[in-house]
Amino acid sequence: MSWAYLNNAFHKKEEVRISPYDRGFLFGDGVYEVIPSYAGKPFLYEEHISRLSKSLNEVSINKPEQWEHLKSIIEDLLKKNNFFNQIIYIQVTRGQEGIRSHTPDKLTSPTLFVESSELVTDLLLTSYKPPYINVGIEEDPRWSRCDIKAITLLGNVMTLDNMSDSGLEEVIFYKDGIITEGAKANIFLIFGEKIVTPPVSKNILSGITRNYFINLLSQNNFNIEEREVSINEIEEADEIWFTSSGKVLQMVQRINNKTLLEKDFKNTIGHKAIELFRQDVLV
Ligand code: PDD
């Protein structure tokens, strides 16, 4: 049996209920966070909670009244769901009002929803498979505040739905000829020994995994640079990675069915980055 938390209580997942008058349902008026938990310990917890706090602030949603107890709610949930590795989802909406009104009532109490499920990752196994994916390229159709981790993800969903028809799992988004990110991950491009990732802006999410790899790789003397990358530079990239809390690091094998990665996985910089992550998490 799996559990979810809504407002003030734990419920069996299949029994948890919310009103359609919740502004999250009517307007997509809410923000969220996704946190991996390895061996019962949420990974980079403070960083995720601090980003959730920033997202709430950006959209002027008050902190839910359970905010001070969030850590213990999550600990209880992890124990109840009891998988070794889990992915935690936290959503805060502006809350439930009796009517549908674009202009929110400032006194509405936010809704807090937290759930977790098993995190299936083989990157932590001794013999893991190269985490290869095939991706597409598309003009970024999303709004101009992708720095906010908003639940309103129609642009991402539409793109991934179209991509999946061609067997593609991710997309390289670009805006005005400049690469932004993926539909569910940040992007890194490797040119020779140089690792490049777009700087944070209103068009991309300041990914916790992105920031983690920037620090980890620079502490280990890799050559890493944050700069704008033109979509034309894709042709010259030796490797392209996507990073996210759920998948950690995935490497692009083919873009629109054209092979990018010819190298043996063991000789890639992506492999070195994954090994550093494994050393960090498996201690
Ligand atoms: N997505 N960019 C976008 C658009 C994302 O949706 C995500 C993560 C990231 C990576 O952020 P982080 O490293 O903090 O997970 C970047 C999550 C996992 C999701 O929506 O499920």
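1. A residue counts as near the ligand if one of its heavy atoms lies within 4 Å of it. By that rule, 18 residues surround the ligand, and the closest are Tyr32, Glu181, Ile208, Thr209 and Ser245.

2. This is a predicted model, in which local features need pLDDT of at least 70 and side-chain atom pairs pLDDT 80 or more, while totals for chains, interfaces and linings use all residues. Residues are numbered from 1 along each chain as its sequence is written, and side-chain values use heavy atoms, without hydrogens or water.

3. Three polar contacts (pairs of N or O atoms within 3.5 Å) involve ligand oxygen atoms: a polar side-chain atom of tyrosine 32 at 2.6 Å, a side-chain N or O atom of arginine 51 at 2.8 Å, and a polar backbone atom of isoleucine 208 at 2.8 Å. Of the 470 Å² of accessible area that the ligand has on its own, the protein covers 86% (Shrake-Rupley method, 1.4 Å probe).

4. Strand E3 (30-38), helix H5 (208-219) and strand E13 (239-244) each supply at least two shell residues; these are DSSP runs, with at least four residues for a helix and at least two for a strand.

5. Domain 1 (3-118) and domain 2 (132-282) each give the shell at least three residues, with bounds from an automatic or database domain assignment.

Notes. Polar contact = N/O pair within 3.5 Å; in protein donor to acceptor, adjacent residues only side chain to side chain.
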